[in-house]
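Welcome, and please open your viewer. We will go from stop to stop, with something to select at each one.

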Amino acid sequence: MNTDAHDFQGTIGTTVAESQPWWPTPPADLAGKPNVVMVILDDTGWSDFGCFGSEINTPAIDSLAQTGLRYNNFHVTPLCSPTRASLLTGRNHHSVGMRFLADADTGFPNSRGAIRPDVAMLPQILRSKGYGTYLAGKWHLAPLHEITPAGPFQNWPLSRGFDKYYGFMDGCTDQYAPELIQDNHSVAPPATPGYHLSEDLADHAATFIKDHVAFRPETPFYLQFALGATHAPFQAPREYIEKYLPVFAKGWDITRAERLERQKALGVVPANTILTEPSDSVRRWDGLSDDEREVFTHLQAAFAGFLEHADAQIGRLLETLESLGLKENTIVLVMSDNGASREGGPTGDVDCNAPYSGTNRPAAEQLELLPDLGTAMGPAHYPEGWAMAGNTPFRRYKQFVDLGGVRSPLVFSWPAGIKESGGVRNQFVHAIDIMPTLLDLAGIEMPDDVDGASLRDSLAEATGPARRDTQFWEMLGHRAIWHKGWKAVTEHVSGESFDDDKWRLYNGAVDFSESIDMAEEFPEKVENLKALWWNQAHSVGAFPLDDRTLYDLLTARGPSGLINCREIVLRPGQSHVPFASAIAGSDRSMEVNAYLTGFESSTEGVLLASGNIRGGYVLYIRNGTATFEHNHLGTRVVLKADAPIPEGDTTVGFRLIRHEGRSATVELVQQGIVTGRAVVPQVSGHLSFWGMDVGADPVSTVSPDYVAPFAMAGSVLDRVVLRFDTGPDLEDLADLMAATE
């Protein structure tokens, strides 16, 4: 009897003696296919790499440029989630459901906060063709309400094509106390002295490669290395930061001018490139006070140190490739997901939890905090003037569709496939072209619905034409269209008619930095490009155009997940509650009760901890007495109960009553009786980047008065119940999301 089972090519008889075994062989066409390492930096400006004109030391990235190519006309979207969606699908982000951030589902197909399940993603395609697929770092392609220890996991990396994952799921995280995910479960960051996330990600990326080579040497791999750098918080060892203090004392105005001159000398911009006008919201450096110049210099030094430290981790990864003999046939791409960010506001801060909480502290208040810069106690963000310099020579920033938001540095290295060293390519390229390029170079057929085109020809042809004629942008109502070298762009004001938007016109063939508006000279060209924009908007699924603010979106639909629950029950032994849940703040009135069984006066430990050493609140028991602590921006409130906890079965908790102006009253409560009262001067939805833990404070403790994990015995703590008097403050939540995107 002969029976075929699926693809089985032997024979199956009644016994083994009557059967013919068969073993599939690996596909022969895998031999010689290139490995791929895609390095994605976050919020890094077009001019921030050394090989793109910066003073910042980026020797690893520069070495790739010296042996490969720099693309000076590479574009992305002005936000991270849409760019990552385009990179991994080869399609415009509206058409795959990622018009905006993964944080928000707007209720329409073009913005669901996740990539449509029917859209094939790069790692899925590569894995189906025999590649090993690995991701170390940021994901930010799953809706926030799905980032829980119980999932659902359909939009997590392993469900979208990666074999292994180690990193963080949200838009940003603390570099010393990150909320880490390994595959589909949360893990605590290593308790290694001097731990830093960038180094940890590089370690895991190197392990992924070493394991692949050891156990699957006959197959190629795809590694996505997506660092948290250089998104705030800016954190790096002090030795990386301090050397940049004299470098940036000259200020952002001189920095812009000097970077442009270096860019011309490096050949990454034409000799006639004009520096665009400074942003209206940025003051001239020579008009700042001494305190402001001192603090702002330090904040840029923190950014520079953060980037150089990240570059060092890229260098370690390159050393791994070389030591394993993989350098020659590995494609390495380095890019940023969007332009530099002005989320630090006009003053920046030594602690980015200030601007992320809607607080702009003057420089004079920050002077005494400078020794903490870059450490766990100094998670910095720079003022927008430095973001302007990071995007030299362009105007605007992240979120905008001007070049400052959408022009990204791209370094492309492949020793086996690129014979020219140190070349510059000026062909128009967009993030949607990356997947088609990599599939083309791997000899893999592309899906029919891909919007991008392969860059293969440009690897050898410095002056070849762009593979596509047209590219469309829309973000937050801001719109742009590029067609055969011309670009029309407009900034939109929320709530105003799109018909009233004023369009500008630029000729990129002669005006690299888009500094000269030619709309009045060529009105017909403007109208033609506007008509083309509307045509493209239809084809990519950009409708309905949505210029609602985040507050409007949240008010219209309401958030999903834990933040929408009025009562939450947590139990000891459960997993960490991620910061993405948006319940870790102290910004709304709540009542918290811990239910204790058989309590004895000698029992101690944490009942509930939210946040970490940088900011948060905690309820704990020591010496038979309950204590509540709240810390925000260095203001610590410690409230001890004025009566011991009764032994036996009992309840211990607190009430937080928020007032106008963001102050609050806190009451300690035992068995319904108030045992202490205090005022918290300022509550916040962003106390730190760490979420919530029940029955322990396991990583970076909220209070300095105990040592992690200071766990409460599970036999004593039955459960902790949080009850919120009202739903979330949607305006505060929207401000928080907008600040940290």
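Start by selecting Ile40 and Met335: Met335, in β9, is the bridge partner of Ile40. Keep in mind along the way that this is a predicted model. Now widen the selection to residues 35-41, which are strand β1, and residues 330-336, which are strand β9. These two strands run parallel and are joined by seven bridges. Next, add residues 434-441, helix α12, which packs on the sheet. Helix α12 touches β1, β9 and β10 (410-413), and its direction makes about 175° with that of β9.

**The whole sheet**

Time to step back. How many strands does the open sheet have, and in what order? There are 10, with mixed pairing, and the order reads β7-β6-β5-β4-β8-β1-β9-β10-β2-β11. To see the edges, select 185-187 for β7 and 423-425 for β11; each of these edge strands pairs on one side only. From one strand to the next, the twist averages 15°.

**An aromatic pair**

The structure holds 34 aromatic pairs, and one of them is worth a click: Tyr71 with Phe412. Their ring centres are 6.4 Å apart and the planes make 55°, a tilted arrangement. The partners come from distant parts of the chain, 341 residues apart: Tyr71 belongs to strand β2 (residues 69-71), and Phe412 to strand β10.

**Two helices side by side**

For the next stop, select residues 197-215, helix α4, together with residues 290-323, helix α8. In general, two packed helices are described by the angle between their axes and the distance between the axes. Here the axes come within 10 Å and cross at roughly 15°, which means that α4 is roughly parallel to α8. The crossing of α4 and α8 is right-handed.

Which residues make the contact? Show these side chains:

- From α4: Ser198, Glu199, Ala202, Asp203, Ala205, Ala206, Ile209 and Lys210.
- From α8: Phe306, His309, Gln313, Arg316, Leu317, Thr320 and Leu321.

Colour the contact residues of α4 and α8 by type and you should find seven nonpolar, four polar and four charged.

**A strand with two partners**

Move on to residues 590-599, strand β18. Show residues 648-658 as well: this is strand β23, which runs antiparallel to β18 and is joined to β18 by eight bridges. Within this pair, Glu591 stands opposite Arg655 of β23. Then add residues 717-724, strand β27, which pairs with β18 over seven bridges, again in the antiparallel sense. Here, Asn593 stands opposite Val721 of β27.

**Backbone details in the loops**

Finish with three places where the backbone deserves a look.

- Select Ala229 and Thr230: the peptide bond between them is cis, with omega near 5°. Thr230 sits in the loop between β8 (221-226) and α5 (238-242).
- Select Ala708 and Pro709, which are joined by a cis peptide bond with omega about 5°. Pro709 is in the loop that runs between β26 (692-694) and β27.
- Select Leu476, which is not a glycine but has a positive phi, near 55°. Leu476 lies in the loop between β13 (470-475) and β14 (478-483).

Note on methods:
Residues numbered from 1 in each chain as written. Predicted model: local features only at pLDDT ≥ 70, side-chain atom pairs only at ≥ 80, totals over all residues. Heavy atoms only, no water. Pairing = 2+ DSSP bridges. Helix = DSSP H or I, 4+ residues; strand = E, 2+ residues; numbered from the N terminus. Axes fitted to C-alpha atoms, helices over the stretch in contact; angles between N-to-C directions. Contact = heavy atoms within 4.5 Å. Parallel < 35°, antiparallel > 145°, perpendicular 65-115°, else oblique. Left-handed = near helix turned anticlockwise from the far one by under 90°. Nonpolar A, V, L, I, M, F, W, Y, C, P; charged D, E, K, R; others polar. Phe/Tyr/Trp six-rings, centres within 6.5 Å; stacked < 30°, edge-to-face > 60°.
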